[in-house]
Amino acid sequence: MTLSMNGGQVDTTIINSLFATNKGVYGGAFYNGGFDGGNATAHIIDTQFMNNTSTGEGGAIYNNGLGANGQAIMTLDQGVMFESNSAPNGGAIISNGRTGGNAQLITLFNLTGSFSRLPVSSLIHVFSLPPI
């Protein structure tokens with residue numbers, strides 16, 4: 001998990017890793033969040049996400065920019081694979097900006113993988129909600 005708040009900065013790089021059979025509410029394996037002016041950046045390379053489950057959103061990954069100018073940026077680079085991840089929303093990945101936040105999901109290759117289909121699910125689910 002990477003998390004940055006109140007103007008902080010977090011930069012994470014994950015290379016040649018395996019995230020398997022993890023469970024969570026927001027992101028079964030990985031959560032990247034920038035809140036209230038915080039900036040969280042994650043760069044993932046040559047990594048597999050297999051059989052991860054979320055009871056909320058993002059079977060494998062949850063990328064979230066929230067609050068006043070919160071920013072979450074995630075880059076998926078070569079060799080990232082998703083297999084059999086599941087969640088009610090975003091079978092593999094969910095990326096969202098809420099209440100003034102910004103979330104960016106950048107892919108530098110063709111995504112490959114499979115996911116378990118639940119109602120309203122997709123491999124990647126990207127959305128933005130207006131400020132309250």
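So, which residues do ring pairs link into a cluster here? They are Phe19, Phe30, Phe49 and Phe82. Hold on to those four names, since I'll keep coming back to them. One thing up front: what you're looking at is a predicted model.

Okay, the overall picture. The protein chain has 15 strands and zero helices. Of its 132 residues, 43% are buried. The chain exposes about 6,100 Å², and 53% of that comes from carbon and sulfur atoms. And if you take the contacts with a separation of 6 or more, 86% of them are between residues 24 or more positions apart.

Back to the rings. Searching the whole structure turns up five aromatic pairs. Let me walk you through two of them. Phenylalanine 19 and phenylalanine 49 are stacked, with 5.0 Å from centre to centre and 5° between the planes. Phenylalanine 19 sits in strand β3, residues 18-20, and phenylalanine 49 in strand β7, residues 48-50, so this pair ties together parts that are 30 residues apart in sequence. Are these two buried or exposed? Phenylalanine 19 is buried, at a relative accessible area of 17%; the cut-off is under 20%, so that value qualifies. Phenylalanine 49 is buried too, at 0%.

Phenylalanine 49 then goes on to a second partner. It forms a stacked pair with phenylalanine 82, this time 5.2 Å centre to centre and 15° between the planes. Again the link is between distant parts of the chain: phenylalanine 49 is in strand β7, phenylalanine 82 is in strand β11, residues 81-86, and the two are 33 residues apart. Phenylalanine 82 is buried as well, with a relative accessible area of 1%.

That leaves Phe30 from the cluster. Where is phenylalanine 30? In strand β5. Phenylalanine 30 counts as buried, at 4% relative accessibility. Its C-alpha atom is 8.9 Å from that of glycine 58, which is 28 residues away along the chain.

Strand β5 itself deserves a minute. β5 covers residues 30-35, and six of the six are buried, so the strand is largely enclosed by the rest of the structure. Look at which way the side chains go: Phe30, Asn32 and Gly34 point one way, Tyr31, Gly33 and Phe35 point the other way, and all of them are buried. β5 pairs with strand β9, residues 61-66, in the parallel sense over six bridges. One register point you can check on screen: the bridge partner of glycine 34 in β9 is glycine 65.

Now the nonpolar core. The largest one has 14 residues, and Phe30, Phe49 and Phe82 from our ring cluster are among those with the most contacts inside it, along with Ile44, Ile61, Met74 and Leu76. Two elements give two or more residues to this core: β6 and β10, residues 71-76. What does methionine 74 touch, leaving out residues up to four places away in sequence? The list is Phe30, Asn32, Ala42, Ile44, Ile61, Asn63, Gln104, Leu105 and Ile106.

Last stop, a sheet. Four strands make an open sheet with parallel pairing, in the order β2-β6-β10-β13. At the edges stand β2, residues 9-15, and β13, residues 102-107; each has a single partner strand, so one side of each is left without a neighbour in the sheet. On average, neighbouring strands of this sheet are turned by 10° against each other, direction ignored. β2 and strand β6, residues 39-45, pair in the parallel sense over seven bridges. For the register there, glutamine 9 has asparagine 39 as its bridge partner in β6.

And on the other edge, threonine 107 lies in strand β13. Threonine 107 counts as partly exposed, at 37% relative accessibility. Between threonine 107 and valine 80 there are 9.6 Å in space, C-alpha to C-alpha, and 27 residues in sequence.

So, to come back to where we began: ring pairs link Phe19, Phe30, Phe49 and Phe82 into a cluster, and Phe30, Phe49 and Phe82 also show up among the residues with the most contacts in the largest nonpolar core. That's my tour; over to you.

Conventions
Residues numbered from 1 in each chain as written. Predicted model: local features only at pLDDT ≥ 70, side-chain atom pairs only at ≥ 80, totals over all residues. Heavy atoms only, no water. Phe/Tyr/Trp six-rings, centres within 6.5 Å; stacked < 30°, edge-to-face > 60°. Buried < 20%, exposed > 50% of the residue type's maximum accessible area, 1.4 Å probe, protein only. Pairing = 2+ DSSP bridges. Axes fitted to C-alpha atoms, helices over the stretch in contact; angles between N-to-C directions. Core = buried A, V, L, I, M, F, W, Y, C linked by side-chain atoms within 4.5 Å. Contact = heavy atoms within 4.5 Å. Areas by Shrake-Rupley, 256 points an atom, 1.4 Å probe, with all protein chains shown as cover.
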